[in-house]
Amino acid sequence: MKCRKCGQGAVIELRRHNAAFCTPDFLDFFRNQVREAIRRHRMFTADEQVLVAVSGGKDSLALWDVLIEDGYRTSGLYLDLGIFDYSIESRAKCERFAAERGVPLIVSRVADEVGAPVPVIKQVTRRPPCSGCGLSKRYLMNRVALEQGFPVVATGHNLDDEAATLFGSVLHWQTEALPRQSPMLPSTHPKLVRRVKPLYRLSERETAAYAFLRRIDYIVEECPFAKGATSIQHKEILSRLEEVSPGAKHNFLFGFLDRARAVFERVEAVDLHECARCGQVTTGTVCAFCKLSDQVKRAT
Amino acid sequence: MKVILRNPRREVEVRGGRRVKDVLRDLEIIPETVLVIRGDTLITLDQLVADHDTIELRPVMSGGCEPSAPGTGHPRLKPASRTSPQ
């Protein structure tokens with residue numbers, strides 16, 4: 001198989017684009033897709049400080065790598081979830097990545113903020129571990145960004161992540177979730193920072209290929225709690241669909257963003273308050289993070 | 001030929017002298033879900049692999065986190081309700 005651009009031997013085929021690329025041309029393709037995402041959605045400017053949420057996995061480190069290479073002013077944020085050896089290894093990979101490139105890395109421990117690490121939160125709440133973990137991540141990303149003066153948080157969500165989330169929302173017709181499904185969530189309150197997903201145009205396989213070809217040392221092992229997660233099941237279903245119909249995931253997500261998302265926009269604005277306890281934004285009186293923290297502290 | 005699989009890491013021996021896509025089909029692995037690595041580079045599905053080759057099939061799928069709730073930066077959605085008899 002030959003590279004579509006230069007005719008040399010290809011290292012990766014992208015069936016949804018009916019193309020194959022050699023290493024340099026694939027890296028160019030990848031970076032151009034990230035640039036297009038940033039440009040199209042006005043995610044951030046070259047003058048803004050970007051907080052990149054990194055997990056030690058392929059997506060977030062690939063994103064950080066592209067942004068550094070393109071000269072953006074970035075800092076990493078690693079949230080230590082306290083998930084046994086997985087967290088120890090993933091933190092080490094983030095620290096090594098940052099040190100090798102001379103970029104700052106902020107580390108925040110969930111155990112310090114919530115009162116216990118994710119495995120204990122799982123036991124206390126008797127809910128799937130991804131629930132307390134996701135809540136803590138979203139809260140801490142926003143709070144750290146606010147406290148340290150970052151106007152924007154960038155996450156490594158890719159096309160597969162977004163398509164799987166959309167699939168789950170549509171499967172249950174969670175219409176209130178659909179307007180929130182966007183590559184760029186603007187700040188709707190002085191205490192909510194902008195959230196962006198510059199990898200949303202790139203598949204999971206493409207981000208893995210970029211990370212591998214750039215020799216990024218990322219954690220290949222999956223989070224021990226992710227096994228059997230609904231989002232993974234949805235990804236598997238979509239991958240089978242993609243196999244018989246290349247471009248299906250892309251068309252599903254981009255068709256929604258281009259033609260359907262606006263239909264689900266709320267007419268009335270969501271009423272946002274500041275949490276009576278921590279001051280962060282919530283729709284209620286006390287935010288879900290403070291409630292979780294209370295629950296954990298009572299039980300431990 | 002040797003095939004290295006991950007999560008958990010293990011090795012299997014399969015017949016070489018055929019294309020990567022045929023190896024994946026035998027192992028019932030969807031090509032979209034893995035990188036195919038030989039040595040220090042990636043190879044495409046049409047490449048021939050020999051009996052003396054070693055390839056790694058590295059999974060690309062990750063996930064687990066739930067989406068955020070409408071209008072806010074962090075509170076979670078209520079879980080989707082189960083169907084009830086009509």
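In the predicted model, A:Asp80 has A:Arg109 of strand E5(A) as its bridge partner. This pair belongs to a parallel arrangement in which E4(A) and strand E5 of chain A, spanning residues 105-109, are joined by five bridges. Helix H3 of chain A (residues 84-101) combines with E4(A) and E5(A) in a β-α-β unit of right-handed sense.

Strand E4 of chain A, comprising residues 73-80, also pairs with strand E3 of chain A, residues 49-54; the two strands are parallel and share six bridges. Within this pairing, A:Gln49 is matched with A:Arg73 of E4(A). The connection from E3(A) to E4(A) passes through helix H2 of chain A (residues 58-69), and this β-α-β crossover is likewise right-handed. E4(A) is thus named in both pairings, with E3(A) and with E5(A).

The contact between the chains was examined next. Chain A contributes 55 residues and chain B contributes 33 residues. On the side of chain A that touches chain B, at least two residues each come from strand E1 (12-14), strand E10 (281-282) and the helices H6 (129-147), H7 (159-171), H8 (204-213), H9 (230-244) and H11 (288-299) of chain A. The greatest contribution to this side is that of H6(A), which provides nine residues. Classified by residue type, the side of chain A that touches chain B consists of 29 nonpolar, 12 polar and 14 charged residues.

Key: Residues are numbered from 1 along each chain as its sequence is written. Chains are lettered from A and ligands numbered from 1 in the order in which they are written. This is a predicted model: local features need pLDDT of at least 70, side-chain atom pairs count only at pLDDT 80 or more; totals for chains, interfaces and linings use all residues. Two residues are in contact if their C-beta atoms, placed from the backbone, lie within 7 Å. Helices (H or I, at least four residues) and strands (E, at least two) are DSSP runs, numbered from the N terminus. Ala, Val, Leu, Ile, Met, Phe, Trp, Tyr, Cys and Pro count as nonpolar, Asp, Glu, Lys and Arg as charged, and the others, Gly among them, as polar. Two strands pair if DSSP finds at least two bridges between them. A crossover is right-handed if, with the strands pointing away from the viewer, the path from the first strand over the helix to the second runs clockwise.
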